[in-house]
Amino acid sequence: MLHPLRHPLAAHLVASLRDQATPPAEFRGLAHRLGLLLAMESTRDLPTQAATVATPLEDAAALRLAQPLVVVPILRAGLGLVQPFLDLFPDVSVGYIGLERDHTTAVAHSYYCKLPPLAGRTVVLVDPMLATGGSAAQALTLLKSHGATSLRMVCVVSAPEGVATLHAAHPEVPVFTAAHDRCLNDRKYILPGLGDFGDRLYGT
Ligand code: PRP
Ligand code: URA
């Protein structure tokens, strides 16, 4: 269920995101460009329906997207991956889940939740860092409790520990990642990773 993004441009963008010398303004632009690639990759199998369109010459058989898409970022770092989805899918609905890891225990607590109707829609959970997997697993449980049945997760960097946790809790949810890294350190940061994504995105 792990789908690594295999594209030279993705690798190039990840390299610059990892670089500690990359300032926030550039980091946001890189995250946006990588988000576009991840949005494309994670929506490859969206359902379509047959349609007919009149070209200037004649009718053509066509395909249109069958259902509206929902994207849900985990605040705060997930916000960096929302605009790429809005750019590609202007009709997307956006929900928000606020989760923050405790700095000592690395256990996430929930502080906000605002979701559109989810039943019958494809829901994409976006959070750039899948570390222990605690935040994403909690968010997926919340989305299911609000009626979501077709779920996928998009991240920038994943750790094996996080993928395993997510797979154990939500085995049917595919995970799309731009980089699958080695492990977590003792503070539950991803190695080699890129540091704290939210801090680097917002210069905090
Ligand atoms: C980061 C990241 C994820 C979470 C991943 O958020 O954006 O949400 O950690 O860690 P996990 O897989 O171990 O749960 P953080 O809690 O630092 O909050 P922020 O987005 O506000 O910076
Ligand atoms: N959150 C981050 O932003 N980075 C990590 O390496 C782990 C969790």
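Okay, let's start with helix 4, whose buried residues are S135, A136, A137, A139, L140 and L143. Keep in mind that this is a predicted model.

How far apart are the end C-alpha atoms of helix 4? They're 17 Å apart, and since twelve residues (134-145) at 1.5 Å a residue should span 16 Å, the two agree. Just after the helix, G147 takes a positive phi of about 105°.

Now, ligand 1. Helix 4 comes up again here: along with strand 6 (96-101) and strand 9 (129-130), it supplies at least two residues of the shell around that ligand. There are 15 residues surrounding ligand 1, and the closest are R101, D127, T132, G133 and S135. So what do the polar atoms look like? S135, one of those buried helix 4 residues, puts a polar side-chain atom 2.5 Å from an oxygen of ligand 1. R101 has a side-chain N or O atom 2.7 Å from a ligand 1 oxygen. And from A131 it's a backbone N or O atom, 2.9 Å from an oxygen of the ligand. On its own, ligand 1 has 500 Å² of accessible area, and the protein covers 93% of that. As for where it sits, that's the largest pocket.

On to ligand 2. The space it takes is the largest pocket as well. Around ligand 2 you'll find R101, M129, A131, K188, Y189, I190, G195, D196 and F197. R101 you've met already, as one of the closest residues to ligand 1. For ligand 2, I'd look at the backbone. A polar backbone atom of I190 is 2.8 Å from a ligand oxygen, a polar backbone atom of G195 is 2.8 Å from a ligand nitrogen, and for F197 the backbone atom is 2.9 Å from a ligand oxygen. Ligand 2 has 240 Å² of accessible area on its own, with 90% of it covered by the protein.

Two more residues before I stop. Is S158, in strand 10 (150-158), buried or exposed? Buried, because its relative accessibility is 0%. Its side chain makes a polar contact with the side chain of T177, at 3.1 Å.

Then there's A168, over in helix 5 (160-169). That one counts as exposed, because its relative accessibility is 65% and the cut-off is over 50%. And back to helix 4 to finish: the C-alpha of A168 is 9.3 Å from that of A137, with their positions 31 residues apart along the chain. A137, remember, is on the buried list.

Terms used:
Residues numbered from 1 in each chain as written. Chains lettered and ligands numbered in written order. Predicted model: local features only at pLDDT ≥ 70, side-chain atom pairs only at ≥ 80, totals over all residues. Heavy atoms only, no water. Expected span 1.5 Å × (residues − 1). Buried < 20%, exposed > 50% of the residue type's maximum accessible area, 1.4 Å probe, protein only. Near = heavy atom within 4 Å. Polar contact = N/O pair within 3.5 Å; in protein donor to acceptor, adjacent residues only side chain to side chain. Areas by Shrake-Rupley, 256 points an atom, 1.4 Å probe, with all protein chains shown as cover. 1 Å grid on protein atoms, 1.4 Å probe; cavity = no way out; pocket = protein on both sides within 12 Å on 5 of 7 lines; lining within 4 Å. Sits in = over half its atoms within 2 Å of the grid points.
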